[in-house]
Amino acid sequence: MKRKEIILFGLLWLLIGCMHKTNDIDMYQRAIGYVMPLVDSGCIVDKYIHIYEHWENDSSTLYSFFGGYSPISDLAEFPSKIIKANNRYFCFIELDEPELSIEQINQITNCDSAAVMSRTDVSADIWFMGVSKYKNSGAVVKRSPYANYIFEYTELWPYLSGGQPEKTDFYMCSVDHDMILSGSSYLESDSLKFYIKKICGQIYVENKTDSTIVLSSDVLNRTFIIANGSDTLSLSLRDSLPIEIPANGFEVFSYESSENSSFYQKLPCKNTWMSLYKILSDSTFSFLKINGKAKTIRLLHEDSPTHYIRNDSGEILKKFRNKGVFDKEKRNSRFIGTLLYS
């Protein structure tokens with residue numbers, strides 16, 4: 001091989017290595033690294049530490065974690081992966097991986113079946129954790145009794161999709177995206193885009209300032225839009241404007257999009273929902289005036305993996321999940337108690 005070809009070959013492999021996604025083992029070890037300071041400081045003294053994956057996006061994963069005296073808990077299901085480190089067992093419950101069998105858990109933890117099935121009751125302290133897939137960065141925050149949603153923790157904002165709020169005392173977050181279809185063919189990848197009538201959902205607005213904030217439409221009567229390049233999809237609020245949000249208060253706005261078939265039909269036929277979801281999570285904007293001043297805000301986004309198909313009256317017709325997320329309801333059904341975080 002000529003010297004020039006060798007150099008080009010080496011540069012190609014270097015480029016591939018730079019673009020390579022962090023593998024699962026790296027993510028597990030990185031997550032454990034952010035949990036260990038709480039173990040070392042005595043905040044978590046249990047032998048088993050349950051790390052539950054809640055959301056995942058292109059760049060980050062968000063978990064909750066807590067200690068327990070058993071390899072499984074009342075949370076939802078058996079772990080997908082168990083890693084032993086520093087005399088602790090870190091039990092990962094993943095969105096996109098099958099759970100371990102009782103026999104596999106026995107083998108890894110040296111527990112008998114009875115000990116495995118004595119589930120940990122999740123009543124102790126719980127923490128949330130965001131971990132970057134590509135950078136050596138992460139954040140851990142303890143669950144607060146005053147926060148109802150994970151996205152209320154400002155420390156975790158860098159690990160969610162959408163725009164990063166300019167201020168911590170006022171922000172908007174898109175929390176739901178459901179589809180209303182016009183036909184009976186639901187999720188076939190080659191026809192979905194032809195049946196989307198509109199989308200609906202909710203937008204959470206938090207006012208942590210000491211004064212009332214008034215939201216009103218702009219001079220073009222716009223409220224929220226979803227942008228796909230030069231194409232836009234208008235969102236209409238079911239609440240009448242102007243809307244006052246009191247000091248240290250919040251509002252949850254319900255919205256529905258315009259019926260814009262050309263917007264949806266420009267989506268790819270393959271993986272239509274995930275293509276649309278990417279646009280929704282990254283490119284939802286507010287054009288509302290804030291206290292009479294025009295302001296454009298790119299919304300923070302809750303990376304929920306579960307969505308619904310509804311009819312025009314709002315009735316749920318079908319639940320579906322993002323690509324790679326398992327249907328875990330059958331697993332959950334064998335547990336009496338299920339702890340919900342969001």
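## Briefing: a cavity, two cores and some unusual backbone angles

Val175, Asp176, His177, Tyr277, His301, Glu302, Ser304 and His307 line the largest cavity of this structure, which is a predicted model. That cavity has a volume of about 40 Å³, and the structure holds 1 cavity of 30 Å³ or more. The points below take up the cavity lining, the nonpolar cores, one helix and the backbone in turn.

**The cavity lining**
- Sorted by the character of their side chains, the residues around the largest cavity divide into 2 nonpolar, 4 polar and 2 charged.
- As general background, rolling a probe the size of a water molecule over the atoms shows where empty space is left.

**The nonpolar cores**
- In soluble globular proteins, nonpolar side chains tend to be buried together.
- The largest nonpolar core in this model has 34 residues, and among these Met172, Met179, Ile199, Leu215 and Leu276 touch the most other members.
- Helix α6, which covers residues 272-282, gives the most to this core, contributing 5 residues.
- Separate from it is a second core, made up of 20 residues, including Leu38, Phe65, Trp127 and Met129.

**Helix α3 and its two sides**
- Within helix α3, which covers residues 102-109, the residues Ile105, Asn106 and Thr109 are buried.
- When one looks down the axis of α3, its buried residues fall within an arc of 105°, and therefore they line one face of the helix.
- Glu103 and Gln107, by contrast, are exposed and lie on the other side of α3.
- The helix is followed by Asn110, a residue whose phi is positive, near 60°.

**Backbone angles worth a careful look**
- Most residues other than glycine have a negative phi, and most peptide bonds are trans.
- Asn86 is not a glycine, yet it has a positive phi of about 50°; it is found in the loop between β3 (81-85) and β4 (88-93), and it is exposed, with a relative accessible area of 55%.
- Asn248, also a residue other than glycine, has a positive phi near 55°; it lies in the loop between β14 and β15 (249-257), and its relative accessible area of 53% makes it exposed.
- Leu241 and Pro242 are joined by a cis peptide bond, with omega at about 0°, and Pro242 is found in the loop between β13 (231-237) and β14 (243-245).

Terms used: Residues numbered from 1 in each chain as written. Predicted model: local features only at pLDDT ≥ 70, side-chain atom pairs only at ≥ 80, totals over all residues. Heavy atoms only, no water. Helix = DSSP H or I, 4+ residues; strand = E, 2+ residues; numbered from the N terminus. Buried < 20%, exposed > 50% of the residue type's maximum accessible area, 1.4 Å probe, protein only. Core = buried A, V, L, I, M, F, W, Y, C linked by side-chain atoms within 4.5 Å. Arc of directions from axis to C-beta. 1 Å grid on protein atoms, 1.4 Å probe; cavity = no way out; pocket = protein on both sides within 12 Å on 5 of 7 lines; lining within 4 Å. Points joined across faces, edges and corners; volume = space filled by probe spheres on them. Nonpolar A, V, L, I, M, F, W, Y, C, P; charged D, E, K, R; others polar.
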